[in-house]
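Please open the model in a viewer and keep the sequence panel visible. The stops below are given in the order in which they may be selected.

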Amino acid sequence: DPVHRWRPGVHEIVLAVAAIVFLVAKYRLVSTINVNWDEFLYLSRVHEYARGQLGTSFQTFHVHLFQWLTRIGGGEVDQVIAARQFAFALRVGGSILLFLLARRLTSRSGAWVAVLASLTFAFVLRYGESFRADSLIAFLILSAVTLLVLKIESIWAVVAGGLAFALAAAITIKTALFAPSLLAVVGILVWSAPDPALRRLGLWRAALLA
């Protein structure tokens, strides 16, 4: 019965409600946690680029993505909070991607547990939406992994995943730390394919991603 198959159990509802509660709590923290010095530094690069005074292009690609912050009225704190709200939107999107990814690998309850675990990790709960590179690349890397796991057979999904990872690498060199994990995911997907033709297709996809 398809209707019964998609009907959530009580434990799934509890986990989903808990995830929503933590998302609401995180949104509350966006505007209440003190702004850190590194957030001011990250914002200062945006203003330096707007004034034509940015002295380096190393790990400053984010200045091209956040020029809209300079047009927000108020002070620098208001601009950081606006950037945090953008990061929160990415967190919501990342939570959806994580659910879809975990749902492919486990049950719906397990997928909700994965989402809840990601939201309740102490550092993520408090600083997960801070205006810094980590908040941005987390969504991009998760997008790349989800696209590969769910749609490895689609060339467009692989291209989109590669672009997401490349954008993350342009934002910060720390993205390289996630490269082995991404390659491991691709390797598992390729070699677990039951058909040799699918494995060859996966290898072509992996070469395209590289």
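Begin with the whole protein chain, which has ten helices and zero strands; helices (H or I, at least four residues) and strands (E, at least two) are DSSP runs, numbered from the N terminus. Along the sequence the pattern reads α-α-α-α-α-α-α-α-α-α. The model is predicted, so that local features need pLDDT of at least 70 and side-chain atom pairs count only at pLDDT 80 or more, while totals for chains, interfaces and linings use all residues. Residues are numbered from 1 along each chain as its sequence is written, and side-chain values use heavy atoms, with hydrogens and water left out.

Next, display the surface. The protein chain exposes about 11900 Å², of which carbon and sulfur atoms supply 69%; accessible areas come from the Shrake-Rupley method with a 1.4 Å probe, and for residues only the protein chains shown count as cover. Of the 210 residues, 39% count as buried (buried means under 20% relative accessible area, exposed over 50%, partly exposed in between, with a 1.4 Å probe and protein chains only).

Now select the lining of the largest pocket, whose volume is about 520 Å³. Of the 22 residues that line this pocket, Arg91, Val124, Asp134, Ala138 and Phe139 are the closest to its centre. On a 1 Å grid over the protein atoms alone, a pocket is an open set of points with protein on both sides within 12 Å along at least five of seven lines, a cavity is a set of points where a 1.4 Å probe fits but cannot get out, and lining residues have an atom within 4 Å of a point. Grid points are joined across faces, edges and corners, and a volume is the space filled by probe spheres set on the points. Helix 7 gives the most to the lining of the largest pocket, with eight residues.

Stay on helix 7 (residues 133–151) and select Thr146, which lies in it. Is Thr146 buried or exposed? Thr146 is buried, because its relative accessible area is 4%. A polar atom of the Thr146 side chain lies 2.7 Å from the backbone oxygen of Leu142. Beyond its neighbours within four places in sequence, Thr146 is in contact (heavy atoms within 4.5 Å) with Leu97, Leu101 and Lys151.

Move to the second largest pocket, which holds about 330 Å³ of space. Its lining has 16 residues, and Asp38, Leu41, Tyr42, Gln59 and Ala133 lie nearest its centre. Helix 3 supplies the largest share of this lining, five residues.

From that lining, pick out Gln59, in the loop between helix 3 (37–50) and helix 4 (76–105). Gln59 counts as partly exposed because its relative accessibility is 30%. Its phi is positive, about 55°, although Gln59 is not a glycine. Most residues other than glycine have a negative phi.

Select Thr60 together with Ala170, a residue of helix 8 (residues 155–171). Ala170 and Thr60 are 110 residues apart in sequence, yet 8.1 Å apart in space, C-alpha to C-alpha.

The last stop is the largest cavity, with a volume of about 60 Å³. Among its lining residues are Lys26, Arg84, Tyr127 and Glu129. Helix 2 (10–30) and helix 6 (122–127) each supply at least two residues of this lining.

Conventions:
Polar contact = N/O pair within 3.5 Å; in protein donor to acceptor, adjacent residues only side chain to side chain.
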